[in-house]
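Trainee: I should like to learn how packed helices are read from a model. May we work through one together?

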Amino acid sequence: GSACAGLSRIAKMSLKYVKVKIKRPDKLYGKNLPEYVELWAVEAREQPETVPAGESPIIWRLLTTHTITEVGQAMKCLEWYSNRWFIEELFRIMKSKGFELEASQLETGAALKKQVVMALQVALTIMLLKLSLNREEIIEAKLVFNQQQIAFIDLLLKTEVEGNTIKQQNPYPYQSLAWCAWAIARLSGWSGYKSHGPPGFISIKNGLDIFNNKYQGYLVAIKFLKDVYKG
């Protein structure tokens with residue numbers, strides 16, 4: 001067996017793989033269609049000792065065109081499949097629960113492509129912020145934000161976000177990406193309490209929208225004050 005890290009627990013898995021043939025459906029005809037398609041099947045099944053009471057074991061059964069002749073190749077397929085959740089969350093942010101791209105009224109394909117690229121850039125930022133909350137290593141905030149944005153987040157924490165108790169203080173290292181993510185999630189209405197669970201992707205998205213609006217106002221205010229003092 002091998003250890004496979006899930007989102008909520010460590011599961012001990014047994015791994016099997018075998019070459020298989022899948023017969024062409026009888027109703028599917030064509031001169032160049034083979035009678036069989038050869039694939040590789042991979043099964044990862046959780047062992048009973050790590051299955052929580054009342055839950056079903058994890059079972060992944062995959063079919064792939066990649067040749068699998070050793071455990072390492074099978075594990076690589078499982079690693080690829082484990083990223084499916086992140087891909088689904090990315091499209092969830094892009095679509096009905098986030099940017100609602102499917103409701104776009106743009107008339108040309110070129111304009112829609114530009115909109116998708118811009119939305120994808122923001123969606124990836126949202127995912128990076130969310131995932132930073134679960135990382136043990138420290139990722140610096142400057143990977144995503146410039147220094148003025150980081151300073152504004154610090155200002156928001158002191159004036160709007162953090163509370164008076166220890167439980168209401170930002171628990172992450174100062175000016176880390178997780179520190180920013182915590183503050184941005186709080187803007188969306190997330191409680192900040194560990195007992196309530198981490199913020200979701202949509203909470204991060206809503207908080208980022210609020211942050212960007214406040215930041216634009218902050219920049220306008222700074223420019224106004226500079227103009228006043230110049231005069």
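Mentor: Let us begin with a crossing, bearing in mind that this model is predicted. H4 passes H5 in a left-handed crossing. The residues in contact are Ile-150, Ile-153, Asp-154, Leu-156, Leu-157, Glu-160 and Val-161 on H4, facing Trp-179, Cys-180, Trp-182, Ala-183, Arg-186 and Leu-187 on H5. Sorted by class, this contact comprises 10 nonpolar and 3 charged residues, with no polar ones.

Trainee: At what angle do H4 and H5 pack, and how far apart are their axes?

Mentor: Two packed helices are described by two quantities, the angle between their axes and the distance between those axes. For H4 and H5 the angle is about 50 degrees, and the axes are 10 Å apart. The two helices are therefore oblique to each other.

Trainee: How is H3 oriented with respect to H5?

Mentor: H3 and H5 pack at about 105 degrees, their axes being 8 Å apart. Because angles of 65 to 115 degrees count as roughly perpendicular, H3 is roughly perpendicular to H5. On the H3 side, Leu-128, Leu-129 and Ser-132 meet Leu-177, Ala-178, Ala-181 and Ile-184 of H5. This contact of H3 with H5 divides into 6 nonpolar residues, 1 polar residue and no charged ones.

Trainee: How does the span of H3 agree with the expected value?

Mentor: The 24 residues of H3 should span 34 Å at 1.5 Å a residue, and the end C-alpha atoms are 34 Å apart, so the two values agree. A second case is H6, which covers residues 201–230 and has 30 residues. From its first C-alpha to its last, H6 reaches 43 Å, close to the expected 44 Å.

Trainee: Which residues of H3 are buried, and what covers them?

Mentor: An α-helix has 3.6 residues a turn, so residues three or four places apart point the same way. In H3, the buried residues are Ala-119, Ala-123, Ile-126, Met-127, Leu-129, Lys-130 and Ser-132. Their cover includes H2, H5 and H6. Consider Ala-123, which lies in helix H3. Ala-123 has a relative accessible area of 0% and is therefore buried. Between the C-alpha atoms of Ala-123 and Phe-91 there are 8.6 Å, although these residues are 32 residues apart along the chain.

Trainee: Against which helices do the buried residues of H6 pack?

Mentor: The buried positions in H6 are Phe-201, Ile-202, Ile-204, Lys-205, Gly-207, Leu-208, Phe-211 and Tyr-215. They pack against H2 (84–94), H3 (109–132), H4 (147–161) and H5 (177–187).

Trainee: Is Gln-149 buried or exposed, and which residues does Gln-149 contact beyond its neighbours within four places in sequence?

Mentor: Gln-149 belongs to helix H4. Its relative accessibility is 16%, so Gln-149 counts as buried, the cut-off being under 20%. With neighbours within four places in sequence left aside, Gln-149 is in contact with Val-144, Phe-211 and Tyr-215. Phe-211 and Tyr-215 are among the buried residues of H6.

Trainee: May we apply the same reading to a strand?

Mentor: Take Thr-64, which is placed in strand E4 (residues 59–64). Thr-64 counts as buried because its relative accessibility is 11%. Beyond neighbours within four places in sequence, Thr-64 is in contact with Leu-39, Trp-40 and Cys-77. Thr-64 and Ala-74 are 10 residues apart in sequence, and their C-alpha atoms are 9.8 Å apart in space.

Terms used:
Residues are numbered from 1 along each chain as its sequence is written. This is a predicted model: local features need pLDDT of at least 70, side-chain atom pairs count only at pLDDT 80 or more; totals for chains, interfaces and linings use all residues. Side-chain values use heavy atoms; hydrogens and water are left out. Helices (H or I, at least four residues) and strands (E, at least two) are DSSP runs, numbered from the N terminus. The expected span of a helix is 1.5 Å times one less than its number of residues. Buried means under 20% relative accessible area, exposed over 50%, partly exposed in between (1.4 Å probe, protein chains only). Contact means heavy atoms within 4.5 Å. Axes are lines fitted to C-alpha atoms, for helices over the stretch in contact, and angles run from 0 to 180 degrees between N-to-C directions. Angles under 35 degrees count as roughly parallel, over 145 as roughly antiparallel, 65 to 115 as roughly perpendicular and the rest as oblique. A crossing is left-handed if the near helix is turned anticlockwise from the far one by less than a right angle, and right-handed if clockwise. Ala, Val, Leu, Ile, Met, Phe, Trp, Tyr, Cys and Pro count as nonpolar, Asp, Glu, Lys and Arg as charged, and the others, Gly among them, as polar.
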